[in-house]
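Take a look at the model below. Keep the sequence beside it as you read.

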Amino acid sequence: MSEPSKPQGRKFQLPEHLKVYKDVWVIVEQERGQVHSVSLELLGEARKLADKLGVAVGAVVLGEAGPDLERICGDAFAYGADVVYRVADPVLKDYRTDPYCRVMTDVVNAYKPEIVLLGATTLGRDLAGAIATTLATGLTADCTELDIYMENRSLAATRPTFGGTLLCTIQTLAYRPQMATVRPRVMAMPERDDSRTGRVVDVFPALAEDSVITKVLSFIADRERNEAQLAFADIIVSGGKGLGKPENLKLVFDLAAVLGGEVGVTRPLIQAGWATADRQVGQTGKTVRPKLYIAAGISGAIQHRVGMEKSDLILAINTDKNAPIFDFAHLGIVGDALKILPALTDAFSRRLS
Ligand code: FAD
């Protein structure tokens with residue numbers, strides 16, 4: 001990681017009572033025994049931050065006692081944790097803000113981490129806000145980059161601002177822990193290393209089901225809602241306003257089908273009702289990191305770019321050779337997407353059949 005330029009607050013001296021806060025933590029998100037991949041990505045990022053600070057990586061694993069929880073603790077070590085804080089309690093079986101927040105604030109107050117990271121998922125956003133508010137500390141949401149200002153050892157949390165036109169770097173100087181959420185696929189997945197082990201700290205929370213007013217009545221999996229699974233697709237073909245009319249989006253679906261990929265779109269297409277919101281890529285949509293991202297008729301506005309620029313290979317198709325997307329695409333075709341998309345579909349279907 002490179003040192004961010006122009007650090008602010010570099011002369012700030014941490015008050016003595018906050019110097020006891022040490023280590024970089026990740027709250028591992030799991031539902032029904034499934035770890036959310038963003039937590040593993042964050043363990044890789046926590047490792048880099050902790051190595052810079054010369055401290056340990058802690059993973060907090062919460063849930064009901066059992067083999068799933070044990071496996072998740074092993075996963076946490078394999079992806080970079082030195083210490084796992086295992087919080088097993090029947091009340092923590094399903095996520096609910098109140099008991100999770102209560103436990104986390106107790107654990108943070110007891111073990112005093114200097115940085116706490118969570119995924120910017122529905123669950124992570126909810127929990128991070130609740131913890132930060134209860135602890136009265138700073139939280140930077142939806143970060144795209146994390147680093148350490150070595151001058152004052154503070155977390156430099158970078159995120160888009162002003163509608164994505166600027167990137168700002170935020171520090172929490174006078175409060176601990178420093179908290180941040182990061183969207184899935186923004187950080188690279190670290191290599192799994194099954195030879196890694198570490199220390200397990202068992203935490204026994206004082207929780208009673210009677211004291212929790214929210215009850216989980218049933219569970220509806222995301223998959224059952226039939227939404228596009230863009231965040232985890234290896235190949236995405238996306239269409240923008242350059243497609244001209246809604247019927248032409250079919251050309252994008254055809255190419256995605258041949259390549260076994262997903263379909264993404266820009267925000268104007270959602271606003272015009274061409275596609276459902278789960279297909280929007282960008283700052284106010286999904287962040288994606290596929291192996292191949294094909295952008296057809298997309299200008300490459302910053303709000304779209306921040307959601308897809310970390311794709312391994314970006315192929316842009318645009319009639320305007322000066323379109324901003326060509327500034328960061330790896331491959332570009334200057335031409336009419338309405339002709340090039342069917343030609344690619346035809347070529348790939350012959351090659352892949
Ligand atoms: P345009 O910018 O209109 O680009 C169309 C492109 O198609 C042009 O470059 C043109 O040269 C090309 N073209 C025209 N005809 C053809 C053809 N036949 N073949 C090939 N190319 C052709 N946008 C997002 O996508 N995601 C977001 O999450 C998002 N969030 C936003 C949040 C805020 C707060 C704001 C203010 C905006 C946001 N936007 C978002 C909108 C964003 O600013 C852009 O307006 C949008 O990304 C542009 O979409 P586009 O590329 O489809 O359209």
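The paragraphs below start from one strand and then turn to aromatic rings.

This is a predicted model: local features need pLDDT of at least 70, side-chain atom pairs count only at pLDDT 80 or more, and totals for chains, interfaces and linings use all residues. Residues are numbered from 1 along each chain as its sequence is written, and side-chain values use heavy atoms, without hydrogens and water.

Begin at strand 5, residues 83–88 (strands are DSSP E runs of at least two residues, helices H or I runs of at least four, numbered from the N terminus). Five of its six residues are buried (under 20% relative accessible area; exposed is over 50%, partly exposed in between; 1.4 Å probe, protein chains only).

Strand 5 pairs with strand 4, residues 57–63, in parallel, through six bridges (pairing takes at least two DSSP bridges). Here V61 has R86 as its bridge partner. Strand 12, residues 199–203, also runs parallel to strand 5, over five bridges. There V84 partners V200.

Now turn to the rings. The whole structure holds three aromatic pairs (Phe, Tyr or Trp rings, the six-membered one for Trp, with centres within 6.5 Å; planes under 30 degrees apart are stacked, over 60 edge-to-face, the rest tilted). W25 and Y85 form a tilted pair, 4.5 Å centre to centre with 40° between the planes. W25 lies in strand 1 and Y85 in strand 5, 60 residues apart. Both W25 and Y85 are buried. Y95 and Y100 pair edge-to-face, at 4.9 Å and 70°. Ring pairs also join W25, Y85 and Y111 into a cluster.
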